[in-house]
Amino acid sequence: MKPAGRGRFVTFEGIEGAGKSTQLERLHRRLEKGGPPVVLTREPGGTPLGERLRDLLLDPGVGAMAAETELLLIFAARAEHLSRVIEPALAGGAWVLCDRFTDASFAYQGAGRGLGAERVAALETWLQGALRPDLVLLFDVPPDLGLKRALSRGKRDRIEGEDIAFFERARSAYLQRARADAGRYRVIDGAADPETVGRQVDRIWDAWLRGMDA
Ligand code: Z5A
């Protein structure tokens, strides 16, 4: 049981162009109409230092970066984010909606870059202790569709420049994690149009809230 008054932590995950940011904003608009205070944030980023690290991580001009460096920079941004934004918000009773969190590190650095889940898990335990998202909404799309959507916005960032096999590995890791912990993860078919996907999110959200009250 959570202590009374603590907020809830909900993360939005998926490969590029899966539609998670679109759905996060849609759910946020719905929650703003009533209920507990909501904090909207993202990773990498969410703090001034984290946003600077994000710029560095996504800048194609940075060139080659060791996978270990990438993972550690992401966790450095996460350390700031947890201590300055996420933990205080949850302790104050807010509901935190976060665009990506540690599942993305398992998918992109653990599987995509091939660093392995064990190293990511070690950092997760060190930094987060027992903190895990209460609910992970995983938007699933085939990588070719996701990349097409993401690239329609223009220039590729450093990670979007990876080949399709990289995103296949990331997608498989996400789906594997969802299968292993069905209580916390909900997989949503992200290939449909935004309204249809939004209705799936509404149904899942309402059922999840009912489950919490039960
Ligand atoms: N990263 C990492 O490697 N390790 C980590 O631990 C973390 C992150 C935390 C930045 O993340 C990068 O950081 C990311 C992983 C890495 N890799 N890259 N590159 P990000 O979340 O900011 O970037 P992103 O995943 O590239 O975001 P995205 O492409 O914007 O994806 P999205 O949020 O899922 O999609 P969207 O913004 O909602 O939609 C993308 C476009 O598709 C947009 O034009 C929409 O209007 C359109 N769209 C959205 N939904 C639909 C539907 N349903 N149908 C048709 N079109 C749609």
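**Around the ligand: questions and answers**

Colleague: What makes the glutamine 109 pair a polar contact?

Modeller: In this predicted model, an N or O atom in the side chain of glutamine 109 is 2.9 Å from an oxygen atom of the ligand. The cut-off is 3.5 Å for a pair of N or O atoms, so this pair is a polar contact.

Colleague: And why is arginine 149 given a polar contact with the ligand?

Modeller: Here a side-chain N or O atom of arginine 149 is 3.2 Å from a nitrogen atom of the ligand. That is within 3.5 Å, so the pair counts.

Colleague: Which backbone atom lies 3.4 Å from a nitrogen atom of the ligand?

Modeller: An N or O atom of proline 194 does. As 3.4 Å is within 3.5 Å, this pair is therefore a polar contact too. The protein buries 84% of the 1,000 Å² that the ligand exposes when taken alone.

Colleague: Good. What surrounds the ligand?

Modeller: A shell of 31 residues, the closest being Ser21, Thr22, Arg54, Arg100 and Arg153. By class, 12 are nonpolar, seven polar and 12 charged. Helix H4 (102-112) is among the helices that supply at least two residues, and H4 gives the largest share, four residues. The space taken by the ligand is the largest pocket.

Colleague: Now to another residue. Why is glutamate 32 called exposed?

Modeller: Its relative accessible area is 56%, and exposed means over 50%, so glutamate 32 qualifies. Glutamate 32 is placed in the loop between H1 and strand E2 (38-42).

Key
Residues numbered from 1 in each chain as written. Predicted model: local features only at pLDDT ≥ 70, side-chain atom pairs only at ≥ 80, totals over all residues. Heavy atoms only, no water. Near = heavy atom within 4 Å. Polar contact = N/O pair within 3.5 Å; in protein donor to acceptor, adjacent residues only side chain to side chain. Areas by Shrake-Rupley, 256 points an atom, 1.4 Å probe, with all protein chains shown as cover. 1 Å grid on protein atoms, 1.4 Å probe; cavity = no way out; pocket = protein on both sides within 12 Å on 5 of 7 lines; lining within 4 Å. Sits in = over half its atoms within 2 Å of the grid points. Nonpolar A, V, L, I, M, F, W, Y, C, P; charged D, E, K, R; others polar. Buried < 20%, exposed > 50% of the residue type's maximum accessible area, 1.4 Å probe, protein only.
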